[in-house]
Structure formats: structure tokens, C-alpha cells
Amino acid sequence: MTRTHISLFSYVIAIVCFVGFPSTAQACSCASDDSVRDAFGGASAVFVGEVVGSLEQKTLTDTAGQTTTYDVGEIYFSVQEVFSGVEGRKKVTIHSGTGGGDCGYWFQRNTRYLIYAYGEPNKRLSTNICTRTRPLDEATDDLTVLRQLPVKGSGVIIAGRVTEAGPRGIDNMSQQTWGLANIPVTITRKQGKPIRLKTDGDGRYEVTGLRPGEYTVAVVLPPQYLQTDFLVKTVKVHDRGSAHNSFYAMPDNRVSGQIVDLEGKPVPKAKLVLVNSKRVGPLTIFDEMGTEYGDDPNGKFEFTEIPPGEYLLGYNLTDSPDQEQPYPQTYYPGVQDRTQATVIKLGVGDQRKDLVFRLPAKLRERTIEGTVLWPNGEAAGGIEVYLVDSTRPDRGVARASTDDAGHFSLVGYEGLSYWVWAGIDVPKPVHAEPHWIKDEGDVAGLRLVVTAEGNSFWTYFEEKK
């Protein structure tokens, strides 16, 4: 049985940038939004420096023909103001990437920067675009904070917040969150005694005046929430710095059961989705609160990590019937009329188990056949032909290539109307005017003539709107 996980960041895909070792990353996406005090607390060195040289340079030319030369890789700085890590040094070498999605920060000669560096001050320091490193004329806010830091030896701050997810909005993208009160938090310095406290009414916690060093911060959620490895975090904080750790409490909500056909036999390879019951209008993949691909031979399914809310469980709600899923759009417990569907209500820690989702009879197949021709009447072999759901221009139901005689054959289903699209990308993108097919009966003898430029069905219909 597969398990489908949904989180607050379902639609966000992030590739982590390895701070201090940018050359190991193949792509770069920065998700950090550290405060100045947090960035200072986590950095091995923070200073103002002017670029005086580098081991390597790169020159780029923009669309206007203007060229700019950058210092990359191993960069040499003249130190002008020190906040931490490189006290007493007049020159510092900083390592960064050289391109190719490695998060490298590219510097310019004779320009001053505020540097947040990571690594060992006496060995190797690195920075990259995922840090708060920036030109000095863009660092006014940072400098204000850094120049007002408390005196050395004042210790560090460890703080954060535990938040809980509420229902998503009807648009399925917005979501309320709020602080979770009275959650036990343990803060432990490496080889030290634990400090125990609880979050306040807004889910926040804070401890000040701690010794610099490495700490483990752990929260203990009530049993109605998922217990995950993300509830324990380790941070290293330098003197006068801070570290904020936020924790996300996901209710342990589950929906599970079995999907069967009219005879009660398990239906493998079924695609089930949960959607907001209050959502109106045509559904898209962005309306899916979760997706369960039923690869279990017994038709078992289970959704986990579901935010509180009211849902409809459905089959083929955001897809079109095809040879792998030859059933009509159906809602739990087994109805095609949305108004008759059972609404699944989930609070915090609610679990709906042993649901039996019964599908109706399979749709009857029908055949759509025809020929694709070039403008001169010759048979067009090797043309890609698609059967597209007329209600969902972004959904291809079936695909075939024409043979040497230009012939193609596609399988559709009774009760559904389609567009037939034929096109090719080489030597240049071209297509035939799409042909509409009514919702019943086999179709033979279609003739499609390749006459127009472009080969994107979706673009074609977007332009026709």
C-alpha cells in the first residue's frame, strides 16, 4: 500500500544549496530568510572587505553588448571592518563557486562587500548567494544591526515558534497557520544539561544569555500530530548571535480504505485524489490536496498529512479516462453526481479508515481512425496523433504515430467528446487543424491535412480563447 504525503509546501520544489561547499551543488535554490542576528550567529566570520584580486575571473556580456568582469572561485579581500571571526587580519581569502548552478557569489574588483562567511576562519572560508553576503551599498540595514550588537560575552539567543496548519482556502493555495501553545521544548547544549520550557499562547519560545556553542532543540507534540524527525534540530550559534528554529505541527489526519469495481474486485492502478469540497468549477491538478496512485494489488489506499478541512474523495477528478483508468469521474462512495458525494470532514488527528470506494462499470471503448496528409495530398508518415479530452485541452487520452500510409488508430470512450490533434516538430513544428469528435460511436475515415505552423495543442487553444 502506498502512502501519499501532503505538506504545507506541496507545490514548492527546492534544491538545497550546500553552504560552505558550493562546488558540490548541481543547482541552486535559496529558501533561507535568516534575520541579521541569526545570520551573524551562524556565520564563522562577518566583515566588510574590498575585493583586491582573485584566482579566476569570468566575463559576461549582456543583451545590450555590455561586458562585466567578475572575480570568482578564490577571491582576495582587504579587510576594512570586522564583526566576528577574522579579528586582527588585514587580508582574507574567501572561496565561492564559479558557475553552473553551484550557488557561487560573483564579486567585482575594487568593490566593497559585507561578507557572511562559513567554514574554519584559520583554514577555509566560503560564501555563496544563499547567504546575506551583498555589496556594501545594499547592506545598510545589516550594518545598523551589526554595529549595535551587544558586548562580547553577552551570550546567544535561541528562539522559535511552533505553528499548526489550518484548512486551506478555496483557492487551495492560501492556508492559515497559528501558534501552538504549551508545547514542551527542550534546548540542550552539546555535553550540557537540558533546558526545558513550553511555548507561550502564540506558540513562541525564547531563551537568552546562553553560552555560544552547538545546541539541539527538540519539541514534543501531542499524539494527534505526526511525530517526525523534523521535530529535532541542531544549530551552532556564535557569541552575540541568535538562532530561530520554527517547527510545523502537522495533524496526523488519515483517509484510508479500498477501491473496488462493481463486483467488489480490487481496482489496481487507480488514481485517487482529495479535493476541497467547497471548491467550485472545473478541477485541476492544483486542486488536489493529495494524490494516491493505487499500485497496491488489493486496491488499498491511504492519504496522510492532510490539513484539517472538508474533502471529497474522487477518481479521475483531474484526469481523463484512458486505458489505464477506463472509468468515469466518480466520487466516494461511488457516485458520479458531485452533490451526492460524501463529504469527509477532518479536524485535528481525525482518521477515516476502512472506506470502500466502489467504481461504476468501465466505459465502453470506441475507435477513432483516420489518415494524415501533407498539403500536396501525400500520406504523412511518422506524425504524432493525439486524442485530447475536449473539456480538458491539457489532457492527452491516447497517442499514436501514423504509419507509412498516414493511417492512425486511437482508443476513446463512449460519453466523452474529443479533439484529434496531429503534428510534428521536425524539421519544423507543424500541425493539422484539429478535428472535433462527438461523444458516441466509432469514427473512421478522418482526414487531417498538415497545413499550420506550431505543434502545441495547448497553445493553439489558448490563442483561440
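**Close-up views of the predicted model**

**View 1. Strands β13 and β14 in an open sheet.** In this predicted model, strand β13 (residues 213-219) and β14 run antiparallel and are joined by 6 bridges. Within this pairing, Glu214 stands opposite Lys236 in β14. The two strands belong to an open sheet of 4 strands, ordered β11-β10-β13-β14 with antiparallel pairing. Because β11 (194-198) and β14 (232-237) each have a single partner strand, they form the edges, and one side of each is left without a neighbour in the sheet. From one strand to the next, the twist averages 20°.

**View 2. The salt-bridge network of Arg161, Asp202 and Arg204.** Salt bridges link Arg161, Asp202 and Arg204 in a network. Between Arg204 and Asp202, the closest N and O atoms are 2.9 Å apart. Arg204 is partly exposed, with a relative accessible area of 42%; Asp202 is also partly exposed, at 33%.

**View 3. The salt bridge between Lys271 and Asp319.** The closest N and O atoms of Lys271 and Asp319 are 2.4 Å apart. Lys271 lies in strand β17 (residues 270-276) and Asp319 in the loop between β20 (309-315) and β21 (330-331), so the pair ties together parts that are 48 residues apart in sequence. Lys271 is buried, at 7% relative accessibility.

**View 4. The salt bridge between Arg364 and Glu414.** The side chains of Arg364 and Glu414 meet at 2.8 Å, N to O. Since Arg364 lies in the loop between β23 (351-358) and β24 (365-373), and Glu414 in the loop between β27 (407-413) and β28 (418-424), the pair ties together parts that are 50 residues apart in sequence. Arg364 is exposed, at 56% relative accessibility, whereas Glu414 is buried, at 16%.

Key
Residues are numbered from 1 along each chain as its sequence is written. This is a predicted model: local features need pLDDT of at least 70, side-chain atom pairs count only at pLDDT 80 or more; totals for chains, interfaces and linings use all residues. Side-chain values use heavy atoms; hydrogens and water are left out. Two strands pair if DSSP finds at least two bridges between them. Axes are lines fitted to C-alpha atoms, for helices over the stretch in contact, and angles run from 0 to 180 degrees between N-to-C directions. A salt bridge is a side-chain nitrogen of Lys or Arg within 4 Å of a carboxyl oxygen of Asp or Glu. Buried means under 20% relative accessible area, exposed over 50%, partly exposed in between (1.4 Å probe, protein chains only).
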